[in-house]
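Colleague: I should like a close look at a single part of this model, the packing of its helices. Please describe how they meet, and then turn to the places that stand out around them.

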Amino acid sequence: MSTPGPIWACLTLMLVGSCSAHSLFTCEPIKVHRCSGMPYNMTFFPNMMEHYDQDIAASNMEPFMPLANLRCSPEVHHFLCQAFIPACTEENKVIRPCREQCKTVLSDCEENIRIFGISWPPELQCDKLDPCSSPLDPELPATTPVSSSSAKRDLGFWCPLQLKTKPGVGSSFLGAEDCAPPCSNMYFKPHDIEFAKNFIGVCSIVCLGATLFTFLTFLIDVKRFRYPERPIIFYAVCYSFVSLIYFIGFLLGNNAACTKASHPAGVETVVLGSQSKGCTLIFMLLYFFSIAGNVWWVILTITWFLAAGPKWSCEAIDKKAVWFHSAAWGIPGALTVMLLALNKVEGDNISGVCFVGLYDLDALRFFVLAPLCVGVIIGLCLILAGIVSLNHVRQVIQHDERNQEKLKKFMIRIGVFSCLYLVPLVTLLACYTYEQSHRSTWENTWINDRCQEYSIPCSYKTTEHDRPDLSLFLVKYLMTLVVGISAVFWVSSKKTCSEWAFFFNRTRKRDPISESRRVLQESCEFFLKHNSRVQHKKKHYNPNSHKLKVISKSMGTSTGAASNADTATHQGTSALGNHHPRIHGSQSEASGREHLDRGTSSRSSRRGERGRGKAERDVAKGAAPVR
């Protein structure tokens, strides 16, 4: 009597090694009436075909019963019962059919198997069975003492054949290796999933527009947003990527979150692990920017506290920007790499993206809930400390009503912005907390609903069936995206409106038709004027024009003064022409006309002087004879 204890321990260890869901090796009475006449009355499950209770085994045994009814072989009834309802001996050993017995049944019933179209299970291939002369096949006793253990045992979760995945990819579902949840949602109906997808798509578009507006407002006037409010811009950029990824998931459907079946009898399953490159890329971007947005919120509260408490200047805070960026991008990067190393990528068949903690509760607690809780606690403490410091400053300057009013508005603005961020984030934490506390019950309900369909053991952990409400998941996705919209509140002001109005007025283009018409008209006028001046110069050209230089020199100071005035006028015109080319052209034409007029008048005066001199000489010659 000293041997049963060690045997029980060894059998338990063997079964745990092969089937991790078994916690206790027990026999149970036979309830299937077709095998009630066997020389044994106790059985054990699961059997060779991985049926997990007697009802499932009996239903799968029905197609083979024509062979037993026809008695095509003397051993067929005994063979089928041992295969589907195995014997469990007093020594807690399971007796299965043997090889020679299998070959005898197949050879005797081959024609009937072909006629009835019976599909022989691969687990009952004769070469896979132990020989009948094996010492593991003792003679069956006439009866086996009935065990007092209950027939309803908690076998845990056994992965059905439909949900099996390729071995080696590292997927694990409900503790079963090489298993994944179905792509069709476990808890909700298809029309509910369709509504949820459309809801997430609309929310992602709204959040994307709001965050992009915040970032573009920053690009219009970069100097406007300095520290301590500069982290709001990076925070908006992070959530613009988050909303963009959710929108991409809405467009892709389940193409990234699900994968095809690995064998003909399987169904599409959710991606678990880094087997899919597309799902892994979506996970990296979504998780990285989600955590980065949370870190930038903490940095924003730190900069506000430094400005309000120790009274740091903008330049002093700006000098620490390198450390801020190192923390904001380094912490999410390290967590993302850690999750990739642990192979914790999981597809989401509701939103179409890939994230972490959707099926693994430990990953949800340590990589989602913990960072969010730390960020909320630190940020809330720093916000409260900064508001207390600003309130103290407001009391000090209570006689300065103007500055006191500005400080009061600033404190209200900080408070409203903090509430717009913290309320959605705290709601999101509540959703995650409720989900991780009830997920085990939801999974047990799903197992009980599908155990007959998948031929797996039903769960007896709970008698009450609890299913999640769709509104919980809708609120969770809404709060994930609404957090990013709070950045719009900070940039919403009259100054933002005036900056956008100035931006659109500055970039407004002229009408291209009127612009080309104006350029063509100015070009034609220029060429016509230039041609008339050239013809005028040719018409009034005088080969003795070099004499003008002598006459000009003899005119003395007045000419020089006029020349200097012309030079000064020309310089002034040229300087002004750098900004107004049309004015420069008209003034140069006027000065050219004045120069030509002066040349014409000087030539006429010289001709008149020569004419008067000649007349005087003629008069003198004519007067000489008279004398």
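Modeller: What follows begins with one enclosed helix and moves outward to its partner, to other helix pairs and to selected loop positions.

The model is a predicted one, and the local features described here rest on residues with pLDDT of at least 70. The chain has 20 helices and ten strands. Of its 627 residues, 40% are buried. Contacts between residues at least 6 apart in sequence are mostly of long range, in that 74% of them join residues at least 24 apart. The chain exposes about 35,200 Å², and carbon and sulfur atoms supply 61% of this area.

The part to examine closely is helix α4, which spans residues 76-84. Seven of its nine residues are buried, and α4 is therefore largely enclosed by the rest of the structure. The buried residues are Val76, Phe79, Leu80, Cys81, Gln82, Ala83 and Phe84. Their packing partners are α2 (54-61), α3 (65-70), β4 (94-95) and α5 (99-108). The enclosure of α4 thus involves three helices and a strand, because these are the elements against which its buried residues pack.

Of these partners, α2 can be followed in detail. The axes of α2 and α4 come within 10 Å and cross at roughly 140°. That angle makes the two helices oblique to each other, because it falls between the perpendicular range, which ends at 115 degrees, and the antiparallel range, which lies over 145. The crossing of α2 with α4 is right-handed. On the α2 side the contact is made by Ala57, Asn60 and Met61, and on the α4 side by Leu80, Cys81 and Phe84. By class, this contact holds five nonpolar residues, one polar residue and no charged residue. The three α4 residues named in the contact, Leu80, Cys81 and Phe84, also belong to the buried set of that helix. An α-helix has 3.6 residues a turn, so residues three or four places apart point the same way. That spacing is seen in Ala57 and Asn60 of α2, and in Leu80 and Phe84 of α4.

Helix α2 also has contacts with a remote part of the sequence. Ile56 lies in α2, and its relative accessibility of 2% is the reason it counts as buried, the limit being 20%. Apart from neighbours within four places in sequence, Ile56 is in contact with His51, Cys451, Gln452, Ser455 and Ile456. Ile56 and Ser455 are 399 residues apart in sequence, yet their C-alpha atoms are 6.3 Å apart.

A second helix pair is formed by α9 (residues 277-308) and α11 (residues 321-342), whose axes come within 8 Å and cross at roughly 145°. This crossing, too, is right-handed. Residues of α9 in the contact include Phe283, Tyr287, Ile291, Val295 and Trp296, and those of α11 include Phe324, Ala328, Trp329, Leu335 and Leu339. The contact of α9 with α11 comprises 18 nonpolar, five polar and no charged residues. Val295 has a further relation to helix α12 (residues 361-396), where Val374 is placed. The C-alpha atoms of Val374 and Val295 are separated by 9.8 Å, with their positions 79 residues apart along the chain. At 48% relative accessibility, Val374 counts as partly exposed.

A third pair joins α8 (residues 231-252) to α14 (residues 470-482), with axes that come within 9 Å and cross at roughly 140°. The two helices are therefore oblique to each other. Tyr239, Val242, Ser243 and Tyr246 of α8 meet Tyr477, Thr480 and Leu481 of α14. Five of these residues are nonpolar, two are polar and none is charged.

Some loop positions beside these helices and elsewhere have backbone features to note. A cis peptide bond joins Tyr227 and Pro228, with omega about 20°. Pro228 is in the loop between α7 (190-220) and α8. Asn343, in the loop between α11 and β9 (346-347), has a positive phi of about 60° although it is not a glycine. Leu174 likewise is not a glycine and has a positive phi, of about 55°. Leu174 is located in the loop between β5 (172-173) and β6 (176-177), and at 27% relative accessibility it counts as partly exposed.

Technical notes: Residues are numbered from 1 along each chain as its sequence is written. This is a predicted model: local features need pLDDT of at least 70, side-chain atom pairs count only at pLDDT 80 or more; totals for chains, interfaces and linings use all residues. Side-chain values use heavy atoms; hydrogens and water are left out. Axes are lines fitted to C-alpha atoms, for helices over the stretch in contact, and angles run from 0 to 180 degrees between N-to-C directions. Helices (H or I, at least four residues) and strands (E, at least two) are DSSP runs, numbered from the N terminus. A crossing is left-handed if the near helix is turned anticlockwise from the far one by less than a right angle, and right-handed if clockwise. Contact means heavy atoms within 4.5 Å. Ala, Val, Leu, Ile, Met, Phe, Trp, Tyr, Cys and Pro count as nonpolar, Asp, Glu, Lys and Arg as charged, and the others, Gly among them, as polar. Angles under 35 degrees count as roughly parallel, over 145 as roughly antiparallel, 65 to 115 as roughly perpendicular and the rest as oblique. Buried means under 20% relative accessible area, exposed over 50%, partly exposed in between (1.4 Å probe, protein chains only). Accessible areas come from the Shrake-Rupley method with a 1.4 Å probe; for residues, only the protein chains shown count as cover.
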